[in-house]
Number of protein chains: 4
Amino acid sequence: MASVSVADDRRFVLSLGCPDRPGVIARITSFIAGFGGSIVEAGYHSDAETGWFFTRQAIAADTVPMAPAELRAHFANVAAELGVETEWTLHDSGAPKRTVLLVSKEPHCLHDLLGRAASGELPASIEAVIGNHRDLAEVALAHGVKFHHVPFPADPAERGPAFEQVRELVESYDPDAIVLAKFMQVLPDWLCGQWAGRALNIHHSFLPSFVGARPYHQAFARGVKLIGATCHYVTAELDAGPIIEQDVVRIDHSDTVRDMVRRGRDVERLVLARGLRWHLEDRVLVHGGKTVVFS
Amino acid sequence: MASVSVADDRRFVLSLGCPDRPGVIARITSFIAGFGGSIVEAGYHSDAETGWFFTRQAIAADTVPMAPAELRAHFANVAAELGVETEWTLHDSGAPKRTVLLVSKEPHCLHDLLGRAASGELPASIEAVIGNHRDLAEVALAHGVKFHHVPFPADPAERGPAFEQVRELVESYDPDAIVLAKFMQVLPDWLCGQWAGRALNIHHSFLPSFVGARPYHQAFARGVKLIGATCHYVTAELDAGPIIEQDVVRIDHSDTVRDMVRRGRDVERLVLARGLRWHLEDRVLVHGGKTVVFS
Amino acid sequence: MASVSVADDRRFVLSLGCPDRPGVIARITSFIAGFGGSIVEAGYHSDAETGWFFTRQAIAADTVPMAPAELRAHFANVAAELGVETEWTLHDSGAPKRTVLLVSKEPHCLHDLLGRAASGELPASIEAVIGNHRDLAEVALAHGVKFHHVPFPADPAERGPAFEQVRELVESYDPDAIVLAKFMQVLPDWLCGQWAGRALNIHHSFLPSFVGARPYHQAFARGVKLIGATCHYVTAELDAGPIIEQDVVRIDHSDTVRDMVRRGRDVERLVLARGLRWHLEDRVLVHGGKTVVFS
Amino acid sequence: MASVSVADDRRFVLSLGCPDRPGVIARITSFIAGFGGSIVEAGYHSDAETGWFFTRQAIAADTVPMAPAELRAHFANVAAELGVETEWTLHDSGAPKRTVLLVSKEPHCLHDLLGRAASGELPASIEAVIGNHRDLAEVALAHGVKFHHVPFPADPAERGPAFEQVRELVESYDPDAIVLAKFMQVLPDWLCGQWAGRALNIHHSFLPSFVGARPYHQAFARGVKLIGATCHYVTAELDAGPIIEQDVVRIDHSDTVRDMVRRGRDVERLVLARGLRWHLEDRVLVHGGKTVVFS
């Protein structure tokens, strides 16, 4: 592959949502042009239903004659002109996002994400893996990643302290992304609230079909001809958070639940990896329970 | 393409379901071998959950030294050995299946099916098109197919006589397949019962997501990343009949409901055409609310 | 579906390619903001390899306080600032593109395109159908479209006058798009040159696999597991023009060449329809033998 | 998922190809019925072009009242009746196939296959990994698999001894499958010959497009809209062996060669994993340079 220097690759990424009106794009791009910034990737979306405007702009870092903090300070003035509701981030891709993974016993998503991070496919530093079982400790450690075991009691009513311990561990890493990589535990509402916009889940169905437990069993019972997986932000309402990515795979009458589990793993892996990469690259903007994804 | 004589193409197609036990395949194939029949296509499925066995065998007609009726009479003895629950059909592909299409105003599925029938892609004789509006009369007539207009009153409670008229018209053609090609009317239970196993519907969602009315609006509201279509047999429970075929197409945040309608049409067309072809070729066996499809 | 007035839908669509440099986007969008234009859809692409910049901007027509001709005159000044190599068009979506279809005997693509145009899916006025056989005259006439028959001699060396006649007929309609909808004739170089950028072909393979004649036979012989179709601009080198769209469908060992032909038709239809729609909506920009498609 | 005892899962798998004639299926299934064998999965294919018949039958091991060797001895008589050209194997799924992996520096396929083997998805015992670089030694050892480093000289003309060493190492494990998991070395003809039918390669293009080196660069230059991967048996003619499996992924004008490499990895992983699993489960029969895959 073409060797690419870090300088070539580094970008300042602006993600922004605001009420739409004529001139918004011109205002933002004139600001960038003002200091000679080179836009290497740009996405725009005008949402006719909500009247909002969304954009993502990746600016070559070597064309920006100031530090990220200074750039943010200057852009804050532009954002203020676009209205008080404006939401924006300006991220330096040279600083990989901090990521924590929550797992249980199933290894396939953990394996996949660690492998992608190792090969430079995910712009993330995997800070830690937290499991409610010890099964995946070795995989994490083999990749040089810390593993924390937080046992969960059998009775759902008694899991509060375990969730509190998970929360403390997670927050100690100050993560940009908290990935439920087959964690198999329903987060309590208070935790969903605290992690809003940072916690991603992979659900093994094509939502909104087969919400809740054992979706492959539900799919088998219904006799569907495709099974899927959904990567979504975690919200208090189970499996109802904003959808980031979905995909499906074909099955037929000869597939048992076990076959679905096997086939489904490939979709789960891909969908979670795509969703997480987009999140880490600031490609996902959430508005009104839905996502805009500049993929 | 290679010209193929009718004799080459003609098959006797056996479709059968029975309780599974060792020796079933041997019994059936020995019967066929007994008169020198050449099996040109064969599908088998043993269902571990229900303990049933399913098969479809296509026998080259020119290797069968008797008429279809005689073959059926002989095979009835074999079927009897396989148990009283055995269900089977033995169809001569030289006799195209009789088909009636029910439509409303949307033309894309009707267009597509008439085009396929005309080009020999569907082993069907389209006997008639019945519409609750007159909009599609011309299309049908341009293909040399009869069109019947049965107006439906606005009040759902008063539609009984219209459904009765539709039923009479349909039955007058003695059809093997009754296709709701965007008919947009929910059949009453009594009609679902009479047409069980013969009536196919196309629903514009990836069932069981978005049952009922306006599925694209539901999909838009939920923010899904794929939309789909489902071809299923009609049963009294709305959108819950045995699924024959499904497929999906990718959408994104920039797609409005109108875009979904446009993109969805392509999936609807393909899914209905595939499902109908499989039905007409005796590739679909129904058991326990699900289908076995030897596609 | 939501009823949408023409005014809501009408757009002025700017498509532009020019040498890239900081400030290009700002210059263009400031121009649009200058008259209060509302950008409802925008695509941008910076090509690192060629150093070119591409954009497509759809402006709500009711926010443009001048006629298309005046808008073009004003924009010409902006384009001049962007360099002499700049190529651009500014199209009024309220004026459907003029389209001529070239066909032979195979009906599926013609059927499909006429159906889509009739249902408003293609922003095109189909001006005429020209066939080297009479087989598809009726289909065209049933849709109210003129049909011209231009017989082609069996000897390829003697086809010059026929091509000349086709050229004259085509040019008499002054078309924006000339679609070889399974025309099955290789255009002479001089005609490719005259129609550069306007003539679209559908090739029934996943190019660059299986260039030339009988691609399904080639695919069968090689034993591939997917077959495809490619929509591309016509150039003098056979099947080597800029690719607009491609797709594939899965096959297996049980599929004969005839099955491939049947399955392939569905891909051909979809790929041609998508490619043509993008062309008609000014979504396709050609540069260096490749396309940028703002789909 | 549902726990399944080994006895439930164990099958005797018959794979067979022979000249087709009426009665072949009956002869084979009567043999199985003769000892009360229960067929849990069956695939049949009559190839009209070559006149060959292919079948794969999975018999529940607990319904076979004899050892595999005895079953083979009995079946040899049946096979003899089907003609001297008949080729068949009868494998006990309780004995996992021995597999050796050949790698270079790229980790994604190795990672993926080791992960699948560990989770029971591949019916294989991975005996060893052989690399022409040391980069992937750790990954292999972390999974408890032996790693052998065989350095390859820079000059292709001097690689004979290295290939001889690889051959010796491979044969010392007596493998059923030799997987070139991104080995990036073209095997010499004599080695292709010795490993015929056992060596699988993953090529990062949708063959026959882009044979040879740097297929993603070729794909980028041509401007295709989909890229693919192909799993095939290795033969002396480069990238021309029988194709087992292929798949593609959509790209667009914004994808650089590096993006293609990243996207392509997901297809390579899946296609190789599927192809290898089918090979290990005796689902792939080769005839006339093509494969029959009972997937």
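**Helix H9 of chain D**

A helix here is a DSSP run (H or I) of at least four residues, and helices are numbered from the N terminus. I note at the outset that this is a predicted model. I started with the residue that comes after H9(D). D:Asp282 follows this helix and has a positive phi, near 55°.

Next I checked the length of H9(D). The helix covers residues 257-280 of chain D, 24 residues in total. At 1.5 Å a residue, a span of 34 Å is expected. I found the end C-alpha atoms 33 Å apart, which agrees. I then looked for a bend. H9(D) has a kink of about 30°, and D:Gly264 is at its centre.

**The sheet of chain D**

In which order do the seven strands of the open sheet of chain D run? I wrote down E7-E6-E5-E8-E9-E10-E11, with mixed pairing. At the edges I found E7 (146-149) and E11 (243-250) of chain D, each paired on one side only. Neighbouring strands are turned against each other by 20° on average, with direction ignored.

I also looked for a helix on this sheet. H6 of chain D (residues 160-172) packs there, touching E5, E6, E7 and E8 of chain D. The direction of H6(D) makes about 160° with that of E6(D).

Then I took one strand pair. E8 (residues 177-180) and E9 (residues 199-203) of chain D pair in the parallel sense, over three bridges. D:Ile178 has D:Ala199 as its bridge partner. D:Val179 stands opposite D:Leu200.

Is E9(D) mostly covered or mostly open? I found it mostly covered, with five of its five residues buried. D:Ala199, D:Asn201 and D:His203 point one way from the strand. D:Leu200 and D:Ile202 point the other way.

**B:Val100**

I moved to chain B and picked one residue. B:Val100 sits in strand E5 of chain B, residues 97-103. Why do I call B:Val100 buried? A residue counts as buried if 20 or more other C-beta atoms lie within 10 Å of its own. B:Val100 has 26 within 10 Å, so it is buried.

I listed what B:Val100 touches, leaving out residues up to four places away in sequence. Among them are B:Glu127, B:Ala128 and B:Ile130, and also B:Tyr173 and B:Pro175. I also checked B:Glu49, 51 residues from B:Val100 along the chain. The C-alpha atoms of these two residues are separated by 35 Å.

**Helix H2 of chain C**

H2(C) covers residues 24-34, and eight of its eleven residues are buried, so it is largely enclosed by the rest of the structure. The buried residues include C:Val24, C:Ile25, C:Phe31 and C:Ile32. I asked what they pack against. In chain A they meet helix H2 and strand E2. In chain C they meet strands E1, E2 and E3 and helix H3. After H2(C) comes C:Gly36, with a positive phi near 80°.

**Chain contacts**

How many residues of chain C are in contact with chain D? I noted 24 from chain C, against 24 of chain D. On the chain C side, strands E11 (243-250) and E13 (290-293) are the elements that give two or more residues. By class, that side has ten nonpolar, nine polar and five charged residues.

I then turned to chains B and A. Their contact takes 24 residues from each of the two chains. On the chain B side, E11 (243-250) and E13 (290-293) of chain B each give two or more residues. That side divides into ten nonpolar, nine polar and five charged residues.

Definitions and conventions: Residues numbered from 1 in each chain as written. Chains lettered and ligands numbered in written order. Predicted model: local features only at pLDDT ≥ 70, side-chain atom pairs only at ≥ 80, totals over all residues. Expected span 1.5 Å × (residues − 1). Bend = angle between axes of the 7 residues up to and from the residue. Contact = placed C-beta atoms within 7 Å. Nonpolar A, V, L, I, M, F, W, Y, C, P; charged D, E, K, R; others polar. Pairing = 2+ DSSP bridges. Axes fitted to C-alpha atoms, helices over the stretch in contact; angles between N-to-C directions. Buried ≥ 20, exposed ≤ 12 C-beta atoms within 10 Å, placed from the backbone.
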